[in-house]
Amino acid sequence: MHLREIAKQHIETRFVYLNAEKAPFFIKKLAIKVLPTIILFTDGVAEDRIVGFDDLGGEDDFDSIVLARRLVKAKIIDAKNKAEEGRITIKKGKDADDSGEDDY
């Protein structure tokens with residue numbers, strides 16, 4: 001879901017989904033051990049990878065902006081706004097307080 005949202009906004013980048021159960025050859029070739037794994041390619045070369053949820057806050061309920069910022073940091077997508085650049089603070093959840101906890 002997150003990648004679909006990001007892909008709609010970043011047509012400069014090709015996003016490809018691969019079902020791990022239906023593509024064991026690629027899973028072995030790319031040395032994928034943990035799901036989810038996102039492999040970031042530039043000109044056909046694997047430059048970086050996001051394994052599990054560690055880079056995204058450690059939980060599976062992260063906001064899409066967290067993933068977008070990670071892709072910007074890896075230079076896979078170009079930042080389209082201040083939020084993607086990381087120049088503004090995004091608070092997690094509807095009831096976020098001003099304590100600074102859960103800030104991205």
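Author: Buried means under 20% relative accessible area, exposed means over 50%, and partly exposed lies in between (1.4 Å probe, protein chains only). The model is a predicted one, in which local features need pLDDT of at least 70 and side-chain atom pairs count only at pLDDT 80 or more, while totals for chains, interfaces and linings use all residues. Residues are numbered from 1 along each chain as its sequence is written, and side-chain values use heavy atoms, with hydrogens and water left out.

Reader: What makes helix H3 count as mostly covered?

Author: Nine of the 10 residues of H3 are buried, namely Ser 64, Ile 65, Val 66, Leu 67, Ala 68, Arg 69, Arg 70, Leu 71 and Val 72. The elements that cover them include helix H1 (2-9), strand E1, strand E2 (45-51) and helix H4 (82-85), where helices (H or I, at least four residues) and strands (E, at least two) are DSSP runs, numbered from the N terminus.

Reader: Why is Ser 64 called buried?

Author: Ser 64, in helix H3, has a relative accessibility of 14%, which is under the 20% limit, so the residue is classed as buried. Leaving aside residues up to four places away in sequence, Ser 64 touches His 2, Glu 5 and Ile 6, a contact being heavy atoms within 4.5 Å.

Reader: How do you know which residues lead the largest nonpolar core?

Author: They are ranked by contacts inside the core, which has 16 residues, and those with the most are Ile 50, Leu 67, Leu 71 and Ile 77. Such a core is a set of buried Ala, Val, Leu, Ile, Met, Phe, Trp, Tyr and Cys residues joined through side-chain atoms within 4.5 Å. Strand E1 (37-42) and helix H3 (64-73) each supply at least two of its residues, and H3 gives the most, with six.

Reader: What makes Phe 25 and Phe 26 an edge-to-face pair?

Author: Rings of Phe, Tyr and Trp (its six-membered ring) pair if their centres lie within 6.5 Å, and planes under 30 degrees apart count as stacked, over 60 as edge-to-face and the rest as tilted. By this rule there are two aromatic pairs. The centres of Phe 25 and Phe 26 lie 5.4 Å apart and their planes stand at 75 degrees, so the pair is edge-to-face.

Reader: Why is the pair of Phe 53 and Phe 62 called tilted?

Author: Their centres are 6.0 Å apart, which is within the limit, and their planes meet at 50 degrees, neither under 30 nor over 60, so the pair is tilted. Phe 53 is partly exposed, at 28%, whereas Phe 62 is buried, at 9%.
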